[in-house]
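I set out to go through this structure entry by entry and to write down what I looked up. My notes follow in the order in which I made them.

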Amino acid sequence: MTRSVYVTGIDRGDGRQVIELGVMELLTRHVDRVGVFRPLVHDGPDRLFELLKARYRLSQPAGTVHGIGYDEAAALQAERGTDELVSLLVDRFHAVAREYEYVLVLGSDYAATSLPDELALNARLANEFGAAVIPVVGGQGQEAESVRAEARNAYRAYTTLGCDVVALVVNRVAPEERTAIVERLAARLPVPCYALPEDGSLSAPTVGQIVQALGAEVLLGDDSGLARDARDFVFGGAMLPTFLKALTPGCMVITPGDRADLVIGSLAAHSAGAPPIAGVVLTLDERPGPDIMALAARLAPGTPVVSVPGGSFPTAAELFAIEGKLNAASPRKAETALGLFERHVDTAELTDRISVARSGRVTPMMFEHELIERSRSGRRRVVLPEGTEERVLRAADVLLRRDVCDLTLLGEEEAIRKRAADLAIDLADAQIIDPQTSPLRERFAELYATLRAHKGVSYELAYDVVADVSYFGTLMVQEGLADGMVSGAAHSTAATIRPAFEIIKTKPDAQIVSSVFFMCLADRVLVYGDCAVNPDPDAEQLADIAIQSAATAAQFGVEPRIAMLSYSTGTSGSGADVDKVRKATEIVRERRPDLLVEGPIQYDAAVDAAVAATKLPDSAVAGQATVLIFPDLNTGNNTYKAVQRSAGAVAVGPVLQGLRKPVNDLSRGALVQDIVNTVAITAIQAQGALPGAGRTA
């Protein structure tokens, strides 16, 4: 039977989209097929569904999401009664429920509707759908006692109407009141109660939303600039020295278009990072001349400068009426919202309360969700040497907003902050260290000179070497100032791994450093090794790769069943290559008799039960292998790329194994999500390797 959860409210302005997004995140961690149903809908696009569809790769047709329009619902209710309206919506809900394992129901929004007793209608629908209910209460601008009373009334209202209330959320409360609210609710209500603090960045409109609302013309700026949050408005009228003192981080400057001094001054301040602004709105349909605009474009590339026909006063009235909304065009807000939800909601408890049973299938998205959740559960610090690289900064933005781990970025601080400002990325919660000027440089030089003395490395040479970001980051990991390192977006594999070989070295039980890729197929996760490091391992090394790969698989929730791959299965073939795999299999069995291993075996016999039944019918691995060990780098690298491109698999990695402390290499073509995943993996590796590390430098 399909399960469902109904997220509803008691009034408008509760910021419920944050909770709806958070619940969807929980569902997609455990369930392969999740549907969405909104019983009552306003005219126009459904921005939240567009966000959910894009973020969670939903295949649900948009036409099945909505029950009925508000006006049509009011007319139907008035003409034929509530029972007819409910009957229609129940039929449409079940049409969705038949297609999905779990359905997220989005309650009505109490905004400009003519439906009588909207709360009772939501309660009736939840009961008819058989849905668990999560009421959301808005706490903006209220004191703790007022919020407690309103939450208690909401709980009573829904339970009195027969609803199965599984949890209650108070949203947008004053941060200083949050603890008191949680304590008072816990003492008065029999269900879990969560309180989320007000976060100004969620209600702040993006520059793009301002442009749309004002009908402004974009004179300068790119997509990154339009995605910036406008956290404040500063109106230009004073002389430049006074005006510059009024600027605040993330502010939108509103000034008459003939004040070229204020335009250039604010953009120059942004370029210097003192402070970074969101953009500039020019009023009165006045625009600076082409020379001024050309200078503006050079001063702050990408920063939006837009023009509106109205004056400052009517523009201000419109600006203050705009509120930021979650939608597909504002992915950063979604990350912020999820970070807020996951920090203040006991997600394990709520998952249990809404009775989410884990699917037998493991999809790529479910695997990625699990990485984020596990990395957050045992907080570690990861150092990113490529601090000015755009993809790294964007990944850092996601990681910080989601509160996944602590981050250290390496590079010249001014350059990092300027690049971050241009990308509208807030690095307030990240540590930034410049290896060239850091007090740690001398300490690291002494350590490196000692470690490499047998190679003739002097202190003077070491002092130069450790200024390199890869060496500096590796030494941070070695000294426990970071728990792991991720690099390679702009550096070669050798530049990332060589310092680790020299400084961190291999584990006592590992002969070599090797790698695996997590290959996330449509319904399962396989582990491929080694596809990135060792060109032609011998039998001993191949056995070591298999044992390490099994340990890595187990650490990430994949039950290891090892297939030692070859072009021959069982005893059907011979030759040096097959003999190497056969010998490696024997070594694995000798060293780790507890592991399930089969080899030599062909790929099809390893993963296809029908082929396995013919070639190795009595094998405990054939047909259900999860760890696939390739005989050489050529085979492994080509196979993982072929599966990635042809089967649409998500390849997460390479993940290095065998080092004493975690260092991971990125492909130079890595996407932002690849970097996020690799950082999460590194943090998880560190949880097992370094239980006490992570001190602040």
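Entry 1, helix packing. I began where two helices touch, and noted that Arg-332, Lys-333, Glu-335, Thr-336, Gly-339 and Arg-343 of α15 meet Arg-394, Asp-397, Val-398 and Arg-401 of α18. I add here that the model is a predicted one. The axes of α15 and helix α18, which covers residues 390-401, are 8 Å apart, and the packing angle is about 30°. Angles under 35 degrees count as roughly parallel, and α15 and α18 are therefore roughly parallel to each other.

Entry 2, another partner of α15. I next looked up α1 against helix α15 (residues 331-344), and found that their axes come within 9 Å and cross at roughly 80°. That crossing makes α1 roughly perpendicular to α15. On the α1 side the contact is made by Val-18, Ile-19, Leu-21, Gly-22, Val-23, Glu-25, Leu-26 and Arg-29, and on the α15 side by Ala-334, Ala-337, Leu-338, Phe-341 and Glu-342.

Entry 3, Thr-28. I stayed with helix α1, which spans residues 17-30 and holds Thr-28. Is Thr-28 buried or exposed? Its relative accessibility is 5%, and because buried means under 20%, I entered Thr-28 as buried. A polar atom of the Thr-28 side chain lies 3.2 Å from the backbone oxygen of Glu-25. Setting aside residues up to four places away in sequence, I listed Val-34, Tyr-56, Met-365, Met-366 and His-369 as the residues that Thr-28 touches.

Entry 4, the sheet. I then traced an open sheet of five strands, whose order is β9-β13-β12-β11-β10 and whose pairing is mixed. Which strands stand at the edges? They are β9 (217-220) and β10 (232-235), each with a single partner strand, so one side of each is left without a neighbour in the sheet. From one strand to the next the twist averages 25°.

Entry 5, β10 and β11. Strand β11, made of residues 251-256, pairs with β10 in the parallel sense over four bridges. Within this pairing I found Asp-232 opposite Cys-251 of β11, and I noted that Cys-251 is buried, with a relative accessible area of 0%. I also looked for a helix against these strands, and found that helix α12 (residues 260-271) lies across β11, β12 (279-283) and β13 (305-307), where it runs at about 175° to β12.

Entry 6, cysteines. How many disulfides does the model hold? With a cut-off of 2.5 Å between cysteine sulfur atoms, the count comes to zero disulfides. I checked Cys-193 in particular, which is in no disulfide, the nearest cysteine sulfur being that of Cys-163, 16 Å away. Cys-193 is buried, at a relative accessible area of 11%.

Entry 7, Val-525. My last look-up was Val-525, which lies in strand β19, residues 525-529. Val-525 has a relative accessible area of 9% and is buried. What does Val-525 contact, once its neighbours within four places in sequence are left aside? I listed Val-362, Phe-367, Phe-518, Met-519, Cys-520 and Val-558 as its contacts. For a view along the chain I compared Val-525 with Ser-4, and recorded that the two are 521 residues apart in sequence, while their C-alpha atoms are 27 Å apart in space.

Methods
Residues are numbered from 1 along each chain as its sequence is written. This is a predicted model: local features need pLDDT of at least 70, side-chain atom pairs count only at pLDDT 80 or more; totals for chains, interfaces and linings use all residues. Side-chain values use heavy atoms; hydrogens and water are left out. Buried means under 20% relative accessible area, exposed over 50%, partly exposed in between (1.4 Å probe, protein chains only). A polar contact is a pair of N or O atoms within 3.5 Å; within protein, one must be able to donate a hydrogen and the other to accept it, and residues adjacent in sequence count only if both atoms are side-chain atoms. Contact means heavy atoms within 4.5 Å. Two strands pair if DSSP finds at least two bridges between them. Axes are lines fitted to C-alpha atoms, for helices over the stretch in contact, and angles run from 0 to 180 degrees between N-to-C directions. Angles under 35 degrees count as roughly parallel, over 145 as roughly antiparallel, 65 to 115 as roughly perpendicular and the rest as oblique.
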